[in-house]
Amino acid sequence: MEILGIDVGGTGIKGALVNTETGELITERKRIPTPQPATPVAVTKTVKKLVDFFQWKGPIGCGFPAPIQHGVARMAANIDKAWVDLDVEEMFLRETGCQVSVINDADAAGLAEANLGAGHGRPGLTLLLTIGTGIGSAFIIDGQLVPNSELGHLRFKGGIAEHYASDSARKKHNLSWSEWGKRFNEYLNHVHGLFYPDLVILGGGGSKKFHKYEAYLDVPSKVVPAELLNQAGIVGAALSAQQLIKRSQVAK
Ligand code: BGC
């Protein structure tokens, strides 16, 4: 099946047509800067621009940086507050006329890695963490996604974990890779002590820099960088749309 995968991020909205059987991108990845402020109307218009760019009329899977419950955004940490309690699926559908399914961006990346990347065929609990503006998380249990885990919002060191250990925290506080690597390791040990994952996959922008901080990580479980790198969000969003379409066909 061909699905337009879209990844809504803090700085860019990216899309490509995905072959959901192989996970390959059928087209080049197109990126449009995220409008600032990233209000619902402005972002929705940008999504429409992407759809028009690909002249697409088929189904769309979209990863979005917020917990998403049945298409509705439930919290806005790194996006415009106006998104809270808005039906993102409904907004994108109305603007594009396409069938749209929206999931959390880290869940999308987790789905892609579990099916086609570093977590493929792994039993037990795989935890994917995305390191970027925030910290996103995905729980994959025996290949099944449990959505909206939001581990970047754990209380940690008297504040919110992603304020301490995300990539934007590294940039904001001008931390060296060793300083940041030690911080991230503290966070990872905290998470490990709560969930004892069998495998940890690190995704998001930070996955490309894994070699710079790998030496500072000492959690007992295996920790690997994501294999699909920055394509995971697009591919996973398309996979999730495909799963929904298949489920609705079975229900008919
Ligand atoms: C949001 C998550 C998102 C993560 C990465 C966090 O601030 O709450 O929903 O997955 O950032 O974008």
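Two strands count as paired if DSSP finds at least two bridges between them. The model used in these exercises is predicted.

**Exercise 1.** Find the bridge partner of I140 in strand 11, and state in which sense strand 10 and strand 11 pair.

*Solution.* Start with strand 10, which covers residues 135-141. In strand 11, I140 has L145 as its bridge partner. Strands 10 and 11 are joined over three bridges, and the pairing is antiparallel.

**Exercise 2.** Give the strand order of the open sheet and explain why strand 11 and strand 15 each have one side without a neighbour in the sheet.

*Solution.* Strands of a sheet pair through backbone hydrogen bonds, either parallel or antiparallel. Here five strands are ordered 11-10-9-14-15, with mixed pairing. Strand 11 (144-146) and strand 15 (222-225) are at the edges; each has a single partner strand, so one side of each lacks a neighbour in the sheet. On average, neighbouring strands of this sheet are turned by 25 degrees against each other, direction ignored.

**Exercise 3.** Determine which strands helix 3 and helix 6 lie across.

*Solution.* Take helix 3 (residues 105-116): it lies across strands 9, 10, 11 and 14, at about 45 degrees to strand 10. Helix 6 (residues 177-195) lies across strands 9, 10, 14 and 15, and runs at about 150 degrees to strand 9.

**Exercise 4.** Describe the surroundings of the ligand.

*Solution.* Among the 14 residues around the ligand, N78, N104, D105, E150 and E162 come nearest. A ligand oxygen atom is 2.9 Å from a side-chain N or O atom of N104. For the side chain of H153, the corresponding distance is 3.0 Å. The protein buries 93% of the 310 Å² that the ligand exposes when taken alone.

Notes
Residues are numbered from 1 along each chain as its sequence is written. This is a predicted model: local features need pLDDT of at least 70, side-chain atom pairs count only at pLDDT 80 or more; totals for chains, interfaces and linings use all residues. Side-chain values use heavy atoms; hydrogens and water are left out. Helices (H or I, at least four residues) and strands (E, at least two) are DSSP runs, numbered from the N terminus. Axes are lines fitted to C-alpha atoms, for helices over the stretch in contact, and angles run from 0 to 180 degrees between N-to-C directions. Contact means heavy atoms within 4.5 Å. A residue is near a molecule or strand if one of its heavy atoms lies within 4 Å of it. A polar contact is a pair of N or O atoms within 3.5 Å; within protein, one must be able to donate a hydrogen and the other to accept it, and residues adjacent in sequence count only if both atoms are side-chain atoms. Accessible areas come from the Shrake-Rupley method with a 1.4 Å probe; for residues, only the protein chains shown count as cover.
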